[in-house]
Amino acid sequence: MMSSDFWSGKKVFISGHTGFKGSWLSLWLHSLGSQITGYALAPSTEPNLFSVLGIEKSIIDHRDDVRDLSSLKSVIKSSEPEIIIHMAAQSLVRESYKDPVGTYATNVIGTVNLLEAARSCGSVRVILVVTSDKCYENREIDYEYRETDPLGGHDAYSSSKGCAELVTSAFRRSFFENGKVVAIASARAGNVIGGGDWAANRIIPDAIRAFSDAQILLVRNPGAVRPWQHVLEPLSGYMTLCEKMWNQPSKFSEEWNFGPENESVCTVEEVTNRVSEIWGDQAAWRKSNGDHLHEATLLKLDITKAKKLLDWEPKWSLSKGLNETISWYKEFYDTKQDMRNYSLNQINEYQMYDFTENIVA
Ligand SMILES: NC(=O)c1ccc[n+]([C@@H]2O[C@H](COP(=O)([O-])OP(=O)(O)OC[C@H]3O[C@@H](n4cnc5c(N)ncnc54)[C@H](O)[C@@H]3O)[C@@H](O)[C@H]2O)c1
């Protein structure tokens with residue numbers, strides 16, 4: 001259960017607040033009473049979760065580029081945040097093949113700029129840099145990557161996230177006294193699902209676009225294995241970690257994996273079958289014949305460290321996460337009801353969920 005005792009009144013700076021995770025996080029933190037300043041580009045899809053949830057009503061909304069150091073410095077200085085959660089990124093593997101320079105500029109130099117702006121701002125006590133499970137050198141073996149494993153990446157997106165990890169580590173040691181005064185950590189999460197993602201070339205948004213249009217879904221890599229998790233899972237991990245860092249900065253200023261339990265690690269094909277089944281209405285898919293840029297085929301995360309030291313663990317099974325995800329989209333397309341309230345109810349249900357008994361408490 002996230003504590004409004006902790007989050008109420010906290011000044012939080014979120015980069016990437018107009019994106020999928022950023023919109024959910026802004027909604028959640030606002031519901032707990034945080035004062036949020038967001039910094040990001042305009043939403044890149046139509047529809048987009050940021051507008052659907054009416055996030056602009058709840059936060060101070062800055063539209064600018066993380067590649068612009070002077071703008072970041074000025075917004076961070078004037079908003080005087082206590083907690084910074086850095087999520088702004090070019091977040092798509094396939095886009096990184098089209099634009100490797102832009103991907104590195106945003107994901108690596110953007111992280112350098114954010115940390116440089118943060119270190120000259122006296123109000124900051126906690127910084128969390130969100131990277132990815134793809135930051136590890138993927139050996140394509142049946143293995144759960146641990147926080148101590150070598151960083152790497154075949155494609156520019158994955159490698160840019162490995163670079164962002166290195167940048168965070170260097171800033172921690174060079175400028176933040178290893179977290180003694182300002183806590184600084186990085187978080188590596190798995191493949192996120194949830195209502196309101198409309199990004200290109202991600203399996204759930206691709207499925208929703210195809211099924212809601214009565215089209216056959218084309219799937220690039222049905223055999224790829226991924227650690228799937230509902231978006232509220234890593235967000236609860238990020239929030240738990242920020243609380244711990246606030247109270248014990250040097251103890252938690254490290255790298256953290258936030259993945260699902262093993263039962264939620266499965267192939268794209270299994271997820272696609274399940275989504276088709278839940279959607280109904282003769283939803284169908286087939287393997288695509290198009291170009292096949294390299295994407296990792298086997299990816300698992302070891303989450304022992306977060307479980308033991310943060311007392312965090314995943315709550316929703318893959319099946320529950322998929323049901324919640326598809327219900328969200330059905331609600332959006334079928335009823336056009338107030339999705340802000342619907343999403344707040346999902347957050348509430350997530351918080352109250354008793355995963356030990358698999359029932360809502
Ligand atoms: N979605 C996933 O499955 C997943 C998995 C692991 C890690 N992540 C990471 O989590 C974070 C959020 O992911 P998401 O799914 O919400 O991504 P998203 O693409 O939906 O949102 C990205 C956000 O970054 C902002 N942004 C992009 N380029 C920018 C720039 N140059 N300057 C300022 N803002 C910029 C966008 O405006 C948007 O607000 C990213 O760092 C991503 O790499 C995502």
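**Second largest pocket**

I looked up the lining of the second largest pocket in this predicted model. I found 16 residues there, with Met 1, Met 2, Thr 240, Asp 311 and Trp 312 nearest the centre. I noted about 340 Å³ of space inside this pocket.

Next I asked which helix gives the most to this lining. I found that H9 does, with 4 residues. Helix H9 spans 232–247, and helix H14 spans 339–352; each supplies at least two lining residues. I sorted the lining of the second largest pocket by residue class and got 6 nonpolar, 4 polar and 6 charged.

**Ligand**

I turned to the ligand and its surroundings. I counted 27 residues around the ligand. The closest are Thr 18, Lys 21, Ser 91, Tyr 157 and Lys 161. By class, I split this shell into 11 nonpolar, 10 polar and 6 charged residues. I then checked which elements each supply at least two residues of the shell: helix H2 (20–31), helix H7 (156–175) and strand S8 (191–193).

I went through contacts with ligand oxygen atoms one by one. For Met 87, a backbone N or O atom lies 3.0 Å from a ligand oxygen. For Lys 161, a side-chain N or O atom is 2.8 Å from an oxygen of the ligand. For Arg 202, I read 3.0 Å between a side-chain N or O atom and a ligand oxygen. I also looked up how much of the ligand is covered: alone it exposes 830 Å², and the protein buries 90% of that.

**Largest cavity**

I searched the whole structure for cavities of 30 Å³ or more and found 1. I put the space in the largest cavity at about 40 Å³. I listed its lining as His 86, Ala 88, Ala 89, Asn 107, Thr 111, Val 129, Val 130, Lys 161 and Ala 164. Helix H6 (100–119), strand S5 (126–130) and H7 give two or more residues each to this lining. The classes come to 5 nonpolar, 3 polar and 1 charged.

I noticed that Lys 161 turns up twice: it is on the list for the cavity lining, and it is among the closest residues to the ligand.

**Tyr 97**

I located Tyr 97 in helix H5, residues 93–98. Is Tyr 97 buried, partly exposed or exposed? Its relative accessibility is 30%, so I entered Tyr 97 as partly exposed. The cut-offs are under 20% for buried and over 50% for exposed.

I also checked Tyr 97 against Ala 283. The two are 186 residues apart in sequence. In space, I read 30 Å from C-alpha to C-alpha.

Methods:
Residues numbered from 1 in each chain as written. Predicted model: local features only at pLDDT ≥ 70, side-chain atom pairs only at ≥ 80, totals over all residues. Heavy atoms only, no water. 1 Å grid on protein atoms, 1.4 Å probe; cavity = no way out; pocket = protein on both sides within 12 Å on 5 of 7 lines; lining within 4 Å. Points joined across faces, edges and corners; volume = space filled by probe spheres on them. Nonpolar A, V, L, I, M, F, W, Y, C, P; charged D, E, K, R; others polar. Near = heavy atom within 4 Å. Polar contact = N/O pair within 3.5 Å; in protein donor to acceptor, adjacent residues only side chain to side chain. Areas by Shrake-Rupley, 256 points an atom, 1.4 Å probe, with all protein chains shown as cover. Buried < 20%, exposed > 50% of the residue type's maximum accessible area, 1.4 Å probe, protein only.
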